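Colleague: I'd like to go through the labels on this model. I'll ask what stands behind each one.

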Amino acid sequence: MPETLSEAREQGFRTDIVSFVRRSGRLNPRQQRAWDDHAEQFVLDVPRAVARTSVDPGFVLDVAATFGRSAPLVVEIGSGLGEAVVHAAEAAPERDFLAVEVYTPGLAQTVLRATQRGLTNLRLLQANAAEVLATALPEGSVDELWVFFPDPWHKARHHKRRLVTPELAELAARAIRPGGTWRLATDWSEYADRMLEVVGANPSFENAHGAGAVAPRFEGRVLTSFENKGHAAGRVITDLEFRRL
Ligand SMILES: C[S@@+](CC[C@H](N)C(=O)[O-])C[C@H]1O[C@@H](n2cnc3c(N)ncnc32)[C@H](O)[C@@H]1O
């Protein structure tokens, strides 16, 4: 293990605070088979900077070439096992979907689901979402940005790891086209309040349901196992919807 920050950087470790931790990347046999046979078809190969989940800041994705057409683009960050994005991509073949996730088994499960449905309008990117929004996506290229059930990091001393911050809102404003939409959902009510505050304070966004208001449940989101767990634990699910001005 590195002992100093510069050693860490040299050895390919991150030295910045991110919203995820390194987890075991072990795949089950079905995920492994899907990954071996189909990752190339779905998972984008991008140049990296320091860590395996980074993106070289000089890289910009050619969205039309990636999907082989020009269509409205939906980006889900923290797509987990891919339940929501695969369901949505199947339901809306006229739109293109990019799932951004750092967790390899989640991506492999998403590949497995996508091959079972023969999807052609879905691609996956294994990368830190902040870097994807900051540089990898062209400015104003995203029609809808989705963040569903980001890790709540509920202990106060871990709040700095939360994905939805004023800095992320700034990056989202760069990536979403004017008139585009940012949807969020969480089962952690204090995080929902914080999201309302953070995105509401960004002058590039307007709350689609009035300042400080929550949105009705987004019908385009299939009920995921994560959401079900929230329900089972008696937690209230909050949806939010913002419009990029
Ligand atoms: C609590 S899970 C929710 C997954 C999924 N959205 C759902 O509703 O089932 C949060 C996911 O976000 C991913 N994640 C956290 N920070 C991320 C980041 N900076 N970039 C990409 N993915 C991230 C985690 O790996 C994890 O899979």
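Modeller: Start with helix 4 and helix 5: their crossing is right-handed. Bear in mind that this is a predicted model.

Colleague: What makes the crossing of helix 4 and helix 5 right-handed?

Modeller: The sense of the turn. A crossing is right-handed if the near helix is turned clockwise from the far one by less than a right angle. The crossing of helix 4 and helix 5 carries that label.

Colleague: Why are helix 4 and helix 5 called roughly parallel?

Modeller: Helix 4 (residues 83–91) and helix 5 (residues 104–117) pack at about 20 degrees, with axes 9 Å apart. Angles under 35 degrees count as roughly parallel. Helix 4 and helix 5 are therefore roughly parallel to each other.

Colleague: Which residues of helix 4 and helix 5 meet?

Modeller: Glu83, Val85, Val86 and Glu90 in helix 4 meet Thr110, Arg113, Ala114 and Arg117 in helix 5. By class, that contact of helix 4 with helix 5 has four charged, three nonpolar and one polar residues.

Colleague: Why are helix 2 and helix 5 called roughly perpendicular?

Modeller: Helix 2 (residues 29–42) packs on helix 5 at an angle of about 75 degrees, and the axes are 8 Å apart. The window for roughly perpendicular is 65 to 115. So helix 2 and helix 5 are roughly perpendicular to each other.

Colleague: What does the contact of helix 2 with helix 5 have by class?

Modeller: On helix 2, the residues include Trp35, His38 and Phe42; on helix 5, they include Leu107, Val111 and Leu112. The contact of helix 2 with helix 5 has 10 nonpolar, six polar and one charged residues.

Colleague: Why is helix 6 called oblique to helix 7?

Modeller: The axes of helix 6 (residues 129–136) and helix 7 (residues 166–175) cross at roughly 40 degrees and come within 8 Å. That angle makes helix 6 oblique to helix 7. Their crossing is left-handed. Contact residues divide into seven nonpolar, one polar and one charged.

Colleague: Now the ligand. How do you know that Ser19 makes a polar contact with the ligand?

Modeller: A polar contact is a pair of N or O atoms within 3.5 Å. A polar side-chain atom of Ser19 lies 2.7 Å from a ligand nitrogen atom, which meets that cut-off.

Colleague: Which atoms of Gly78 and Phe148 face a nitrogen atom of the ligand?

Modeller: For Gly78, a backbone N or O atom lies 2.8 Å from a ligand nitrogen atom. For Phe148, a polar backbone atom is 2.7 Å from a ligand nitrogen atom.

Colleague: How many residues surround the ligand?

Modeller: There are 19, and the closest are Ser19, Gly78, Glu101, Asn128 and Phe148.

Conventions
Residues are numbered from 1 along each chain as its sequence is written. This is a predicted model: local features need pLDDT of at least 70, side-chain atom pairs count only at pLDDT 80 or more; totals for chains, interfaces and linings use all residues. Side-chain values use heavy atoms; hydrogens and water are left out. Axes are lines fitted to C-alpha atoms, for helices over the stretch in contact, and angles run from 0 to 180 degrees between N-to-C directions. Helices (H or I, at least four residues) and strands (E, at least two) are DSSP runs, numbered from the N terminus. Angles under 35 degrees count as roughly parallel, over 145 as roughly antiparallel, 65 to 115 as roughly perpendicular and the rest as oblique. Ala, Val, Leu, Ile, Met, Phe, Trp, Tyr, Cys and Pro count as nonpolar, Asp, Glu, Lys and Arg as charged, and the others, Gly among them, as polar. A residue is near a molecule or strand if one of its heavy atoms lies within 4 Å of it. A polar contact is a pair of N or O atoms within 3.5 Å; within protein, one must be able to donate a hydrogen and the other to accept it, and residues adjacent in sequence count only if both atoms are side-chain atoms. Contact means heavy atoms within 4.5 Å.
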